[in-house]
Amino acid sequence: MPRPGFVLDVDRSTPPMLFWHGEKFSLERLPADRSRVIYPAESFPGLTDPQAAIRDALEHPLDMDPLRALLHADMKLTICFDDASLSLPKMRRPDSRQRIIEAVLDLAAEAGVDDVHIIAALGLHRRMHDYELRHVLGNRIFDAFAPNGTLYQHDAEDPENLTVLGETDHGEVLEINKRVADSDLVVYANVNQVAMDGGWKSLVTGVASYRCLSHHHNPESLQNTRSLMDRHHSALHHSIWRLGKVLRDNGPKVFQIESTINTDAFPSPFEFLSKREWEWTARDRMTYLATAKTLDRLPRRAARKIFHGIEAPYAMTGVYAGFTESVHERTLEDVYRQHIVEVEGQTDILTLGVPFISPYNPESIMNPILVMCMGLGYMFNMYRNKPLVREGGVIIMTHPTYRDFHPVHHPSYIDFFDEVLSDTTDPAVMSEKWERRYAEDEWYRHLYRTGNAYHGVHPFYAWYWGAHGQQWAGKVIIVGGDPTAVRRMGFTPASTMDDAFELASDVVGRSPSITHLHVPSVLVADVK
Amino acid sequence: MASKRHLTRRAQQLAARTEHAIRVVAKPLAKYGFPWRSPTVPRGITVPEKPDTLGGNFETDWARRPLASVFRSAFTAGPMKLMTTVLARPEVLGLDRLTDLARLDDPPPLIFAPDHHSHLDTSVMIQAIPPAWRRDLVVAAAADYFFDKRWKATFSALALNAIPIDREATGRQSADLFRDLIDDGRSLLIYPEGGRSPDGWAQPFKGGAAYLSAKTGVAVVPVHIEGTGAIFGKGMKKPRPGRTRVIFGEPLLSLPDENTRRYNARIEAAVGRLTEESVSDYWTAARRAAAGAANRLEGPSTSSWRRKWLLTERRHREISGRNNRPDRSWPNLGPRQK
């Protein structure tokens, strides 16, 4: 039985804590008697027979007829799936999406369905490379569907293949992929790594247009999202659920399949990253030293290659199918059971070790904007009820924050950093002044549609993602970050953790309480 | 003339003396009869025949002892792998269908049931089967072919961990032996066709694999081997190097209330689907299988030339057909501009 997550009060006998530092890591000693560390639960065991579990879910769905009964020969069937932003790191093969889609295709073949399209629900993310599609779907599906053009990626900028399905009572227009809208049945294969994923968000963002996404991906919604991991208190999710209702009323029948995975993120020799420091064996300590020293000496590019080459030994812990809302509620129960750690009270300083990866840089570079998005967007939002850090408190992140950008994946990020952030770091101001220009830029549009670039507007969305954290914190310090890049983003650079605590004392006094979120793996702090 | 007669008489004298000398030497040995010599059989008595230690009776326990296993590991990882790579260049697909089982702490034994075109199949399969099962793999080999001579039997047992099996029917002795081996955690490689394909198309599956699986509860993994028939098929005098492909299918278990015959038919259909998958794609194969389309494994029941004709067409589409194609093809850039 895996041990649950817990909160450790740091005393003098507590060993230094592991902090991610991009493609490196370090051990930092936290002040005794006023620091605490939140440890996630140990990884849950995976299902012994995931194939059987998937088949069972398809035969016994929630609040819908079995998939077999929904399939008939002369129908239009569309299967959508999450893109490479899930899971992080990428899971070793076979991916859950491959398992699910193969099970769906077996049933479709039995029913004699000829018209099947498989669409990667990218939203405004970059198009996946063929090797990524092969990794996610497996060679069998790729070889059967890609050559004849029935496996493809959603294009949010193709006016001929978008259609408006309706409007919510808040004036939000639902504009989605035409093939999806015209289908008799849409099956969505989901990987729910965190509580934010799944539900109506999968389809309503994955196959939507920029116009549709801009209704909820904006500073106002994201500043009122408390938090991304709690959909009942998230303005973003409220908007998406309203659009989901329009889809349900006016759109095709949707059969949602959601699968949860455990938190077993690192294979050998990196297993020590998921262990509690005082339980490191001699071998773990040696591995840490060898790895840390090697990474210190390796060029950035080589270190990045090592980390992005990691295939996580994630295992499927549950799978549910049927009506989207019913399925999502069951999935959330499972996700919370694994991720929730109860925490008493808020803290003055929240420390976060920012890793080498975020949902927007698989096989790519973690540029400064993504560091902000990961720290203030994702990690800060790992809470329910109230944030871990008190309002006006200090957030300390550790990351090298170098000014490196991937020119193929993140072209608009480069200009955003140089042009927009030089002008303003305020999400509301940049939304007003700059967003439309980037969103409608023809060159970015061309790169998004034909290359492997994120949409022109994507750096704005990444910035808005951290809007709540940015607004909430009194000061944000980045330890070990490139000072120019850090200052450009409106944050404070620091060389060491002690320097960071010293800088924080201006805001939180000389003896602040400190909370460290231990990463990996994933946890959601339920703050009382 | 006189001299010729003289020479003849001398030769006759020499022969007589030699015969005498042999008799003198052999005389003392004649005294040593039974038990030094084999007994004579009294008249009217029929001696019961000694049990045959070859064929299905060949004892193979010794080949699973540690020393033999070490030799086998070295042999399969060395010369056999080299030979397989040089001759067959196997491409292995569908292993993801076994990964869940392979990742268990104690992977359960499996029965691998491929179609059979060549003697190369066994070495290709031994290289293709994941290490979790390769270590404890036993191979069911035709008793009348691989165990008919002592040297062949010894080599088969030692190098391949082969167990003799009757092609026509799985006898009680073989079945009990296989069951004991499976109970010991060993996996089995068995060719359900009972022998190599005579013409490139598969033969009807015999029920051995299905029977053993139903009796032991061990899953059968359908496997399709493609290309070995073109490299060293039945009747070929020497191998012709080429490419091969091994496709593993989803493990199958006997269903409740399913008799061995139906289960066997399901295994055959699964191998047929993999065959289809190799010449078309996964989705086409799934649809054909679901629509109950004719199994392409055994080929059409038509005259022999038409079977061969269709086989040529199929081979053109499968991996062996690539053997004669160039590895690189240049795009057609149209007529040359002057």
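Helices here are DSSP runs of H or I with at least four residues, strands are E runs of at least two, and both are numbered from the N terminus. Keep in mind through all the views that this is a predicted model.

**View 1. Chain A as a whole.** Here is chain A with its 21 helices and 20 strands. The C-alpha trace spans about 70 × 55 × 45 Å along its principal axes. A compact globule of 528 residues would have a radius of gyration near 24 Å, and chain A, at 22 Å, agrees with that. Of those 528 residues, 57% count as buried. Take the contacts in chain A with a separation of 6 or more: 80% of them are between residues 24 or more positions apart.

**View 2. Where the two domains of chain A touch.** The domain assignment splits chain A into domain 1 (6-39 + 344-527) and domain 2 (52-261). Their C-alpha centres are 29 Å apart. Domain 1 of chain A puts 30 residues into the contact, and domain 2 of chain A puts in 26. On the domain 1 side, the elements that each supply at least two residues are strand 15 (383-384), helix 15 (427-433), helix 17 (442-450), helix 18 (458-465) and helix 19 (467-472) of chain A. Helix 18 of chain A gives the most to this side, with four residues. Sorted by class, the domain 1 side of the contact has 19 nonpolar residues, eight polar ones and three charged ones.

**View 3. Two cis peptide bonds in one loop of chain A.** Find the loop that runs between strand 5 (76-82) and helix 3 (96-111) of chain A, and look there for S87(A). The peptide bond joining L86(A) to S87(A) is cis, with omega about -10°. Now move along to P94(A), which also sits in the loop between strand 5 and helix 3 of chain A. The bond from R93(A) to P94(A) is cis too, and its omega is near 0°. As background, most peptide bonds are trans.

**View 4. Positive phi at E363(A).** This glutamate is not a glycine, yet E363(A) has a positive phi of about 60°. For background, most residues other than glycine have a negative phi. To find E363(A), go to the loop between strand 14 (347-353) and helix 13 (368-379) of chain A. Is E363(A) buried or exposed? Neither label quite fits: 19 other C-beta atoms lie within 10 Å of E363(A), so it counts as partly exposed. The cut-off for buried is 20 or more.

**View 5. Positive phi at N385(A).** N385(A) is another residue that is not a glycine but has a positive phi, here about 75°. Look for N385(A) in the loop between strand 15 and strand 16 (389-398) of chain A. With 14 other C-beta atoms within 10 Å, N385(A) is partly exposed. Strand 15 of chain A already turned up in View 2, as one of the elements on the side of domain 1 that touches domain 2.

**View 6. Helix 11 and helix 12 of chain B cross.** Two packed helices are described by the angle between their axes and the distance between the axes. For helix 11 (residues 260-279) and helix 12 (residues 282-290) of chain B, the axes come within 8 Å and cross at roughly 140°. The crossing of these two helices of chain B is right-handed. Which residues of helix 11 of chain B meet helix 12 of chain B? They are A269(B), R273(B), E276(B) and E277(B), and across from them in helix 12 are Y282(B), T284(B), A285(B), R288(B) and A289(B). The residues of this contact divide into four nonpolar, one polar and four charged.

**View 7. Where chain B meets chain A.** Twelve residues of chain B are in contact with 16 residues of chain A. On the chain B side, helix 3 (99-102) and helix 12 of chain B each supply at least two residues. Helix 12 of chain B has the largest share of that side, six residues. By class, the chain B side has six nonpolar, two polar and four charged residues.

**View 8. The surroundings of W201(B).** W201(B) is in the loop between strand 5 (187-189) and helix 9 (208-216) of chain B. Why does W201(B) count as buried? Because W201(B) has 20 C-beta neighbours inside 10 Å, and the label is given at 20 or more. Also look for D115(B), 86 residues away from W201(B) in sequence but 9.4 Å away in space, C-alpha to C-alpha.

Methods:
Residues numbered from 1 in each chain as written. Chains lettered and ligands numbered in written order. Predicted model: local features only at pLDDT ≥ 70, side-chain atom pairs only at ≥ 80, totals over all residues. Domains from an automatic or database assignment. Contact = placed C-beta atoms within 7 Å. Nonpolar A, V, L, I, M, F, W, Y, C, P; charged D, E, K, R; others polar. Rg over C-alpha atoms; globule rule 2.2 N^0.38 Å. Buried ≥ 20, exposed ≤ 12 C-beta atoms within 10 Å, placed from the backbone. Axes fitted to C-alpha atoms, helices over the stretch in contact; angles between N-to-C directions. Left-handed = near helix turned anticlockwise from the far one by under 90°.
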